[in-house]
Amino acid sequence: MFQQGWEGNWHKLYHDALFNYMTAKELEPLNLHLKIKIGDELNEKSLRAYDKYAHSSLLPPSNKKCVTVLIGDGHQKVMVKCQDDPINKTQKRNSKGRRGKLDERLGHGWFMLADPDTGRVLCCVSADKHEDNNMVTKALLKILDFYPNVNFFGFDRNFKYMPSAKKNPLLKQISYYSLDCFHAHGHCDSCPCNPLIIPRLKNRVRGMNTSVCEQIFAASKSSRGSEATHAF
């Protein structure tokens, strides 16, 4: 830090130091904090161990049986701030000197499952593509065993996800597949996941915050560093 020219990199150095401190603190319960290497704070093994620990011990509430609903949503619109990120390096400018399309500057997306009653995040998975069915299934199977009373899944793409999900025996505990109330306004009356039309769904979503994930995502629009750093 005290080498010549460090003043111009103060913000980057401060961010790196803060991240190193956070990494050591979070990995300490797993006895991995003494194995941290500067510049390689999160190797694949450590990240995998922490991911398992977080979803089984940190994210769940004290009474897991109280969770009966999962709301899911994906967020690909994460602006990459790191100057060394290849997405920023490949950014092109058009003839007027403007930056390229927004999608060229986005990356490190993620998919979330949350409890609408408490606003608590229960699951996060990294995503390099937009909300495909495999990613949604991966997130659900990651935590369903922890929440035996969950039988409702809300998701803005359930009209496409539900047919394949109902064929998956590992998801048999989910009986209700519903759109969130906001997106439901744009769907036809024959949509089997429309909570504004289907009585059994309408009764379940009454008073439910089906947009809880969008609200959480609104507070986390930017990311710094590598994909592993973002996942952590």
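Biologist: Which residues of helix 2 are buried?
Modeller: This is a predicted model, in which local features need pLDDT of at least 70, side-chain atom pairs count only at pLDDT 80 or more, and totals for chains, interfaces and linings use all residues. Residues are numbered from 1 along each chain as its sequence is written, and side-chain values use heavy atoms, with hydrogens and water left out. Helices (H or I, at least four residues) and strands (E, at least two) are DSSP runs, numbered from the N terminus. If buried means under 20% relative accessible area, exposed over 50% and partly exposed in between (1.4 Å probe, protein chains only), the buried residues of helix 2 are S46, L47, Y50, A54 and H55.

Biologist: What arc around the axis of helix 2 do they cover?
Modeller: The arc is taken from the directions from the helix axis to the C-beta atoms. The buried residues are on the same side of helix 2, because they cover an arc of only 150 degrees.

Biologist: Which residues on the other side of helix 2 are exposed?
Modeller: An α-helix has 3.6 residues a turn, so residues three or four places apart point the same way. Opposite the buried side of helix 2, the exposed residues are E44, K45, R48 and K52.

Biologist: Which element gives the largest share of the largest nonpolar core?
Modeller: A nonpolar core is a set of buried Ala, Val, Leu, Ile, Met, Phe, Trp, Tyr and Cys residues joined through side-chain atoms within 4.5 Å. The largest one has 28 residues, and F111, F153, Y161 and Y177 are among those with the most contacts inside it. Strand 3 (109-115), strand 4 (120-127), helix 4 (133-143), strand 5 and helix 5 (158-165) each give two or more residues. The largest share, 5 residues, is from helix 4.

Biologist: How many aromatic pairs does the whole structure have?
Modeller: Rings of Phe, Tyr and Trp (its six-membered ring) pair if their centres lie within 6.5 Å; planes under 30 degrees apart are stacked, over 60 edge-to-face and the rest tilted. A search of the whole structure gives a count of 9.

Biologist: How are the rings of F153 and Y177 arranged?
Modeller: F153 and Y177 are both buried, and both belong to the aromatic cluster with F111, F155 and Y161. Their ring centres are 6.4 Å apart and their planes are at 90 degrees, so the pair is edge-to-face.

Biologist: How many residues apart in sequence are the parts that this pair ties together?
Modeller: F153 lies in strand 5 (residues 152-155) and Y177 in strand 6 (residues 176-178). The pair therefore ties together parts whose separation in sequence is 24 residues.
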